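Here is a note for a colleague who is new to this structure. Please keep the sequence and the model in view while reading.

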Amino acid sequence: MKKMMTITGMNCAHCAAKVEKALTEVPGVKKAKVDLKKAQSKVKYDETQTTDDMLIKAVTDAGYSASFN
Ligand SMILES: [Cu+2]
């Protein structure tokens with residue numbers, strides 16, 4: 001399953017990389033691609049393993065905020 005998330009709080013490529021890494025480390029996530037300019041991340045994951053809450057929490061724990069579009 002693919003979803004788009006809005007990420008707030010990122011202001012440089014380092015932030016984007018940090019969010020991307022945090023999302024990629026969530027169990028079941030196959031791919032995360034952050035677009036810094038749009039403040040969004042595309043996430044591809046296995047919905048039997050990954051929940052919306054897990055994705056939101058990963059971003060929050062990394063120091064940013066996230067919501068689903
Ligand atoms: Cu930064």
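1. **Two faces of β3.** This is a predicted model. Start with strand β3, which has a covered face and an uncovered one. The covered face holds S41, V43 and Y45. The uncovered face holds Q40, K42 and K44.

2. **β3 and β1.** Strand β3 takes in residues 40-45. Its link to β1 consists of 5 bridges, and the two strands run antiparallel. Two bridge partners can be checked by eye. K2 is matched with K44 of β3. M5 is matched with S41 of β3.

3. **β3 and β2.** Here 6 bridges join the strands, again running antiparallel. V29 has Y45 of β3 as its bridge partner. For K33, the partner in β3 is K42.

4. **The whole sheet.** In what order do the strands of the open sheet stand? There are 4 strands, and the order is β2-β3-β1-β4, with antiparallel pairing. The edges are β2 (29-35) and β4 (65-68). Each has a single partner strand, so one side of each lacks a neighbour in the sheet. On average, neighbouring strands are turned by 25 degrees against each other, direction ignored.

5. **Helices on the sheet.** Helix α1 (residues 13-24) packs on the sheet and touches β1, β2 and β3. Its direction makes about 165 degrees with that of β2. Helix α2 (residues 52-61) also packs on the sheet, touching β1, β3 and β4. The direction of α2 makes about 155 degrees with that of β4.

6. **A length check on α1.** The helix has 12 residues. At 1.5 Å a residue, they should span 16 Å. The end C-alpha atoms of α1 are 16 Å apart, which agrees.

7. **Buried and exposed sides of α1.** Which residues of α1 are buried? They are A16, V19, A22 and L23. These residues cover an arc of only 130 degrees around the axis, so they lie on the same side of α1. The cover over them includes β1, β2, β3 and α2. On the face turned away from the buried side, α1 carries the exposed residues A13 and H14.

8. **The nonpolar core.** In soluble globular proteins, nonpolar side chains tend to be buried together. The largest nonpolar core here has 15 residues. Those touching the most other members are I7, V19, L23, V43, L55 and V59. At least two residues of this core come from each of β1, α1, β2, β3 and α2. Helix α1 gives the most, with 4 residues.

9. **Contacts of I7.** I7 is worth a closer look. Leaving aside neighbours within four places in sequence, I7 is in contact with V19, V34, A39, Q40, S41, V59, Y64 and A66. V19 and V59 are also among the core residues that touch the most other members.

10. **T6.** T6 lies in strand β1 (residues 2-8). Is T6 buried or partly exposed? T6 has 14 C-beta neighbours inside 10 Å, while a buried residue needs 20 or more. T6 therefore counts as partly exposed. Beyond four places in sequence, T6 is in contact with A39, Q40, A66, S67 and N69. T6 and K38 are 32 residues apart in sequence, yet their C-alpha atoms are 8.3 Å apart in space.

11. **A39, a residue to check.** A39 is in the loop between β2 and β3. The hairpin of these strands has 4 residues between them. What is phi of A39? The value is near 55 degrees, which is positive in a residue other than glycine. Most residues other than glycine have a negative phi. With 17 other C-beta atoms within 10 Å, A39 is partly exposed. A39 also appears in the contacts of T6 and in those of I7.

Conventions
Residues numbered from 1 in each chain as written. Predicted model: local features only at pLDDT ≥ 70, side-chain atom pairs only at ≥ 80, totals over all residues. Buried ≥ 20, exposed ≤ 12 C-beta atoms within 10 Å, placed from the backbone. Contact = placed C-beta atoms within 7 Å. Pairing = 2+ DSSP bridges. Axes fitted to C-alpha atoms, helices over the stretch in contact; angles between N-to-C directions. Expected span 1.5 Å × (residues − 1). Arc of directions from axis to C-beta. Core = buried A, V, L, I, M, F, W, Y, C linked by C-beta atoms within 7 Å.
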